[in-house]
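Visitor: I would like to know what stands behind the labels people put on a model. Could you take me through some of them?

Guide: Gladly. Here it is.

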Amino acid sequence: MNSNFEYYKVFYYVAKYENLTKASSVLKTSQPAVTRTIHNLENELGCRLFTRSKSGMKLTPEGRTFYSYVSAGCAQFFKGENDLSNLISLENGTIYISATETALHCFLFRAMGEFNSIYPNVHFKILNNSTMDSVNAVKEGKVDLAFVSTDLQVNKPLRMKKLREYHEVLIGGSRYVELKGRKISLEELSAYPWISLTSEALTRKFLNNYFADHGLQFLPDMELATTDLILPAVRHNLGIGFVPEEFAEEEKKAENVFEIEVEEKLPTRNIILIYDTEYPQSIASKEFQKFLSSQKN
């Protein structure tokens, strides 16, 4: 029989997840390649290992017997690989991340810098995505971790962990200096031109709800695609808008913009880590998660 460990590995993950797409994602190969491997293994063994159903790939009785042996063998191989990885991965490991702008600016850039001061040879590959695109990147196995800035619900095997709170502040430019130095009601402020994200953004929905909770409708005069565009638009006196506190620090110090005190408190928001509990994380990724858990923010 010519089967090698790669055949058994493919069989193991298809049996574990009962899903070709998930198995191919974990194995970092194509679904047709996984299907071919299973067919080749079945031909060599002379029996069917799986039956297809609407709910996925189900083991046949023969497949279940075979899995009991293969899973035990794989556990030993994976342990050996893992022990070896422990020795080398923090020397040249790579962590794949998808993150929103706010998560990057309010948390992740600092965390990555501090982690690299301990493990200078670990590399980060960053995708700057929306919240939902970041969640999907984890689901599809494109990244190890996602960092988002909006509370949301995720389904197993995904899990979320709150890392730190952050605050948004309302800012204005020199044209609206009459708003400086006093607390102002949201109703009064609603008469001013507003700058915000487009209606599809979760942050925009958060602000819509904030206004609605106070009996008002949020109708921004200017809609922008990304949060980092709000600050220069405010600086150029095109309106007022909310941005995360960290975004505005330098511009406030330079007195290019000022903070507007709002009577109705804006709810605190969270930076959230999302990961797949069934996705095999690299040692570098696991060590980064441990590092994040140890931080006091």
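Guide: This is a predicted model. Let us start at S185, which lies in the loop between β8 and α7 (186-189).

Visitor: Why is S185 called buried?

Guide: Buried means under 20% relative accessible area. S185 has a relative accessible area of 18%, so S185 is buried.

Visitor: What does S185 touch, leaving out residues up to four places away in sequence?

Guide: E263 and E264. The cut-off for such a contact is heavy atoms within 4.5 Å.

Visitor: Now the strand just before that loop. Which sheet holds β8?

Guide: An open sheet of 4 strands, in the order β8-β12-β7-β11. The pairing in this sheet is mixed.

Visitor: What makes β8 and β11 edge strands?

Guide: Count partners. β8 (183-184) and β11 (241-244) each have a single partner strand, so one side of each has no neighbour in the sheet. That places both at the edges.

Visitor: How do you know that β7 pairs with β11?

Guide: Pairing takes at least two bridges. Strand β7 (residues 168-172) is joined to β11 by 4 bridges, and the two run antiparallel. E168 has P244 of β11 as its bridge partner. I171 stands opposite G241 in β11.

Visitor: What joins β7 to β12?

Guide: 3 bridges, against a requirement of at least two. Strand β12 (residues 258-262) and β7 run antiparallel. I171 stands opposite E259 in β12.

Visitor: What holds paired strands together in general?

Guide: Strands of a sheet pair through backbone hydrogen bonds, either parallel or antiparallel.

Visitor: Why is β7 described as mostly covered?

Guide: 5 of its 5 residues are buried. Both faces are covered. E168, L170 and G172 are buried on one side, V169 and I171 on the other.

Visitor: Which strands form the 5-strand sheet?

Guide: The order is β4-β3-β5-β13-β6. This sheet is open, with mixed pairing. β4 (123-128) and β6 (158-166) are the edge strands, since each pairs on one side only. From one strand to the next, the twist averages 25 degrees.

Visitor: How do you know that β3 and β4 pair?

Guide: By bridges again. Strand β3 (residues 94-99) and β4 share 6 bridges in the parallel sense, against a minimum of two. For I97, the bridge partner in β4 is I126.

Visitor: What packs on that sheet?

Guide: Helix α6 (residues 131-139) does, touching β3, β5 (145-148), β6 and β13 (269-276). The direction of α6 makes about 165 degrees with that of β5.

Visitor: Now two helices. Why are α5 and α11 called roughly perpendicular?

Guide: The label covers angles of 65 to 115 degrees. Helix α5 (residues 101-118) and helix α11 (residues 283-294) cross at roughly 115 degrees, their axes coming within 11 Å. α5 and α11 are therefore roughly perpendicular to each other. Their crossing is right-handed.

Visitor: Which residues make the contact?

Guide: From α5, F107, L108, A111, M112, E114, F115 and I118. From α11, A284, E287, F288, F291 and L292.

Visitor: How do the contact residues of α5 with α11 divide into nonpolar, polar and charged?

Guide: 10 nonpolar, no polar and 2 charged. Glu counts as charged, and the contact includes E114 and E287.

Key. Residues numbered from 1 in each chain as written. Predicted model: local features only at pLDDT ≥ 70, side-chain atom pairs only at ≥ 80, totals over all residues. Heavy atoms only, no water. Axes fitted to C-alpha atoms, helices over the stretch in contact; angles between N-to-C directions. Parallel < 35°, antiparallel > 145°, perpendicular 65-115°, else oblique. Left-handed = near helix turned anticlockwise from the far one by under 90°. Buried < 20%, exposed > 50% of the residue type's maximum accessible area, 1.4 Å probe, protein only.
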